[in-house]
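Trainee: I have a new model open and would like to go through it with you. Could we take it piece by piece?

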Amino acid sequence: MNSSTAPAPAALGAGQASPRAAHPAAVRQVLDARSFAAGEPRIVLVRAEPHWNGPEYLVLSRGRTARVVTAVSPLAVLDALDAWQDSDVADTEVLAVLTDVEEAVLGPGVLARVYRNCVHPIEPWAVVRRLFGARDLDPRLTAESWAAEALIDAAGQEDWPKITGTVLSRDTALSRLAAARLSVAHHRLDPDNLDVHALLAWSLTPGAGARLTALHDQESQGVTTWLADPDRVGMRGHQALTALFALFAAGNGTDAVPVGLLCAALWSPAAPAGADRARGRAELKFGSQRIDDDSLAAFGAEAEAFMRTLMTARSVRTAEDVSATDGPDPRALMARADMLTREVGAEEAAAASDLLEAGQNVRYRAVARALTRCVPRDAKSTSNSDRLTDLAEATERLERHEFFRLASHRDSLIRLRMAQRLVTWLTRPLPDEPTTTAEAIQRHIRDSAWVDLALGWVSDGDHAHPELPAALASVSAAVRRRRHTIDEQFAQVLAEETRAGGTPRDALAVEDFARRVLAPVIKRSRPSRPAGPPLLFLLLDGASAAVAAGLAEQLRARSWAEYDPVTDTDEPEHRRGMLAALPTLTKVSRGSLFAGELTEIDQQEERRRFTSHRFWGGATVQLFHKADLRGEDGHALGSELTEALADPDAHVGVVINTIDDRLGEDRAMSHWWLDELLGMEELLSLARAGGRALVLTSDHGHVLDHDTHKTEMPDALSARHRSGTKPAGEGEIVLSGRRVVAAGNRVTALWDTTARYGNRQAGYHGGASLAEVAIPVLAFAPYGATLPKGWRELGPQQPDWWSLQEASVPGSSPAPQPRSGRRGAVGGEAPASLPSRRPEARRAPRKEEHGQGALVSLDDVVVDGTGEQPPTPEPTPPSPDNSPAQALVGELRASPIMQAQIDSLPRKETFDTIAAALRALVEAHGILPVTTVAEQAGKRTSRASGFAATLQRALNYDQAEVLTLTDNGRSLRLDLPLLRRQFGLDKAGGTRS
């Protein structure tokens with residue numbers, strides 16, 4: 001008989017009860033309870049099914065053993081008795097005969113030969129005590145008359161661990177029983193965690209419903225009643241589990257989570273008034289059992305909470321995590337929920353859901369239409385700024401949908417954010433034509449490179465909704481029209497300056513880069529002075545300013561601080577750009593960078609010329625190319641490169657060709673992550689460990705292939721330039737002069753990014769567009785590292801339109817206008833890092849994310865080009881209510897000591913400003929640069945030092961060093977345990993951060 005389906009007896013030993021298969025523990029309990037006085041038979045008849053799956057011999061107490069046999073009839077009982085008495089057995093051995101034959105059938109002759117002349121019943125609760133090692137039983141457990149048999153039966157598949165106390169409680173016994181009965185092979189329930197979410201997860205595993213329906217009625221009712229007990233799981237849990245088990249009873253348990261999501265939409269307070277018919281259809285899923293509205297709403301709420309937890313777990317997994325494919329797929333569950341939505345006619349209710357696809361589709365459609373309305377008609381007109389608010393609201397509603405927790409949807413959100421930024425940029429009037437290449441390049445570094453970064457994302461396209469591709473295409477076309485005009489203006493200035501001969505005015509040129517940027521880091525000012533930090537110089541072959549802008553944000557998110565590395569000028573600090581050699585080819589521009597003069601050389605000559613410069617001052621400089629990056633088995637980098645990076649006296653340069661190599665392939669890469677560049681992760685790790693200053697640059701940029709057309713030219717020398725035997729045509733410019741490294745110092749190059757001479761590939765370079773000619777220059781150092789002399793720290797570098805906060809929406813502040821420059825301002829404009837005095841220009845709250853999410857919420861900053869002092873920024877918005885940082889702030893706000901400290905400050909400060917600084921420090925694990933803390937608190941960087949002193953006076957209560965300056969005054973360190981002690985937060989029982 002199948003023990004899981006046999007009916008439960010009222011009590012073992014009763015004449016009418018059907019015996020069940022005996023568990024070894026039950027037989028052992030019956031035998032150990034017998035004393036076997038001298039002369040008494042050592043044969044015990046045990047009432048049980050005559051089936052035995054246990055060992056032939058059981059070890060009993062007091063040194064005894066028992067042989068177990070079965071007997072299906074009176075004759076079989078007699079045979080067992082005869083065989084036992086004819087055998088030679090030890091005095092300590094007992095015979096146990098399992099039989100279901102009634103005593104009246106056996107007769108007095110047989111009974112006279114066995115212990116106490118009767119058949120002994122199994123005492124179930126005594127067996128349960130033995131199974132769990134308990135001395136006593138919870139009366140609430142013994143009141144569950146069905147539980148003893150179920151526990152004994154389940155013990156055949158489970159090895160119950162012994163309890164630590166003496167009393168077996170009802171919850172302990174039934175939790176283990178429920179876990180044992182309901183677990184399936186690939187999903188073991190934890191008896192200590194049988195809450196609603198655990199059972200929802202269990203409901204999704206194959207075979208879960210069969211395990212529940214296989215229980216006989218009394219046990220099934222008892223287990224489910226206990227699982228849904230409101231004293232155990234609360235009223236909401238009781239309601240949700242009541243609905244869950246009703247679904248299983250109706251045969252719909254495998255759809256529990258999708259049905260729950262449907263219930264959340266239909267029984268939501270926001271459900272439409274006409275949802276009654278759909279509700280009625282949905283209730284049919286629960287069968288004949290009547291489930292009240294409150295229970296259906298609770299079930300829906302729990303299903304939504306479970307899905308959010310599931311998606312959060314999925315979102316933090318990495319590609320290397322093999323468990324990422326285990327467990328339910330939230331996308332499949334949502335798809336099934338959407339099918340059910342259509343089945344019951346609940347589309348209108350689902351449209352408001354943050355979890356159902358119908359809700360996402362409605363929001364995607366709203367974003368696509370709002371985006372289309374923001375696109376201007378032509379290159380000279382601007383976007384309608386009044387429509388940007390509608391777009392922002394539509395995008396925020398879309399972002400609230402839970403799909404965006406999944407990595408598979410994260411790119412779509414980034415892409416829409418980028419489109420939103422681009423239409424904001426399109427509200428700005430077209431800037432005046434540049435007067436110098438330096439002005440154009442610096443404008444590109446601080447503005448149009450960010451346009452190109454966003455444009456790459458948008459041009460990649462997205463099919464998350466049918467209306468989205470057309471909307472993105474319209475944005476892309478409008479931006480390209482304006483960028484076309486900007487490139488044409490630049491090409492004219494480039495041609496004029498190049499033809500004039502000398503070094504472009506105010507420009508950093510590629511041939512001067514090593515002398516002006518690297519040499520001050522490498523060469524000691526005096527032999528007697530200590531050396532500065534070692535240098536790691538990375539040349540990302542082919543990296544455009546747009547690519548560099550994205551990589552720089554990722555470095556900032558990884559706690560690298562950015563600096564201006566040019567020290568031979570008195571102009572204000574800013575992120576630098578430099579002019580490539582012409583034509584913009586690797587052999588020409590990279591060769592000129594390494595040689596320190598305009599030339600065309602190969603890789604071997606690059607190494608020789610670069611390492612032997614006199615301006616290194618005799619320091620050790622080593623250059624590594626692509627082949628040197630790959631290590632042997634088990635090594636991420638080549639051995640020579642690794643050894644060089646381990647030498648604190650060696651300055652290391654590395655050429656990374658990943659970006660340039662990809663341009664020759666079929667698929668364009670519009671944006672890059674640091675870990676996609678060969679060896680980058682390992683190089684950054686070793687640089688941080690060695691305290692190295694980091695300089696990144698390129699040799700030229702590139703343009704990507706987006707609907708380019710081929711122009712046949714017999715004198716083409718690359719995809720983007722030719723010798724110039726024919727006159728320049730549309731989209732071309734003639735470049736001539738000393739900086740053109742070609743025959744006769746003359747070429748004809750394409751400035752039009754939609755044209756090419758060669759066959760189609762992912763991208764091209766060699767032309768005269770800004771994206772090809774402007775080379776980014778980035779300088780970073782790890783927080784806390786020694787800095788090269790003269791390096792100046794930079795604040796956030798995004799342009800003002802990059803912010804997605806309301807403060808950056810045009811109309812609230814005028815767009816920055818270029819101005820004729822004073823001597824020393826690059827290109828006649830102040831750099832992007834210089835903010836404004838204008839009261840209407842405000843800094844948007846800063847938000848940061850790590851990894852791929854960084855481009856979704858890059859530091860949002862309004863930047864003005866006037867070169868004047870910044871306005872007072874606003875502090876960082878509060879963290880989520882349940883975050884450790886916010887909990888700490890809440891406790892401090894209630895602290896009388898904190899209020900007294902603020903009242904005693906000589907310069908008045910608000911608690912909110914101090915709270916913003918504390919949140920930033922807590923979320924950064926206690927240490928941040930002084931300037932970053934000031935920015936997060938809404939202070940100007942020029943006041944960072946004064947604000948740091950105010951913070952110390954407020955937090956260093958009773959002269960305790962809660963907040964200290966480190967890194968020669970550049971960083972602040974927060975001692976969080978000391979803060980809690982000094983302000984009495986531990987005594988208050990607050991949540992620890």
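Trainee: Which residue offers a side-chain oxygen to the backbone nitrogen of Asp231 at the start of helix 11?
Mentor: Good place to begin, and keep in mind that this model is predicted. At the start of helix 11, the backbone nitrogen of Asp231 has a side-chain oxygen within 3.0 Å. That oxygen belongs to Asp229.

Trainee: On which residue is the kink in helix 11 centred?
Mentor: Look at the span of the helix to begin with. Helix 11 covers residues 230-249, and a straight helix of 20 residues would span 28 Å, yet the end C-alpha atoms of helix 11 span only 20 Å. There is also a kink of about 85 degrees in helix 11, and its centre is Arg236.

Trainee: Which residue takes a positive phi just after helix 11?
Mentor: Within the helix, the buried residues include Leu241, Leu244 and Phe248. Just after helix 11, phi turns positive, at about 85 degrees, and the residue is Gly251.

Trainee: How many residues are in the largest nonpolar core?
Mentor: Happily, there is a general trend to lean on: in soluble globular proteins, nonpolar side chains tend to be buried together. Among the residues with the most contacts inside the largest core here are Val128, Leu168 and Phe286. Leaving aside neighbours within four places in sequence, Leu168 is in contact with residues including Val128, Phe132 and Ile163. The number of residues in that largest core is 101.

Trainee: And how many residues does the other core have?
Mentor: That core lies apart from the largest one, and Leu422, Val423, Trp425 and Leu453 are among its members. Its number of residues is 61.

Trainee: Is strand 1 buried or exposed?
Mentor: Its side chains go two ways: Ile43, Leu45 and Arg47 point one way, Val44 and Val46 the other. Five of the five residues are buried, so strand 1 is largely enclosed by the rest of the structure. In a word, the residues of strand 1 are buried.

Trainee: What stands opposite Val46 in strand 5?
Mentor: Strand 1 runs parallel to strand 4, joined by five bridges, and there Arg47 has Thr99 as its bridge partner. Strand 1 also pairs with strand 5 in the parallel sense, over two bridges. In strand 5, the residue opposite Val46 is His120.

Trainee: What is the relative accessible area of Phe36?
Mentor: Phe36 is in the loop between helix 1 and strand 1. Its phi is positive, near 55 degrees, in a residue other than glycine. Phe36 is buried, with a relative accessible area of 13%.

Trainee: How does Asn745 count: buried, partly exposed or exposed?
Mentor: Asn745 is not a glycine either, but has a positive phi of about 50 degrees. Asn745 lies in the loop between strand 17 and strand 18. With a relative accessibility of 36%, Asn745 counts as partly exposed.

Trainee: Which strands stand at the edges of the sheet with the order 16-18-17?
Mentor: That sheet is open, has three strands and is paired antiparallel. Strand 17 meets strand 18 over five bridges, with Glu732 opposite Leu750. The edge strands each have a single partner, so one side of each is left without a neighbour in the sheet; they are strand 16 and strand 17.

Trainee: Lastly, which residue does a cis peptide bond join to Leu582?
Mentor: Go to the loop between strand 10 and helix 24. Omega is about -5 degrees at the bond between Leu582 and its partner, Pro583.

Note on methods: Residues numbered from 1 in each chain as written. Predicted model: local features only at pLDDT ≥ 70, side-chain atom pairs only at ≥ 80, totals over all residues. Heavy atoms only, no water. Helix = DSSP H or I, 4+ residues; strand = E, 2+ residues; numbered from the N terminus. Expected span 1.5 Å × (residues − 1). Bend = angle between axes of the 7 residues up to and from the residue. Buried < 20%, exposed > 50% of the residue type's maximum accessible area, 1.4 Å probe, protein only. Polar contact = N/O pair within 3.5 Å; in protein donor to acceptor, adjacent residues only side chain to side chain. Core = buried A, V, L, I, M, F, W, Y, C linked by side-chain atoms within 4.5 Å. Contact = heavy atoms within 4.5 Å. Pairing = 2+ DSSP bridges.
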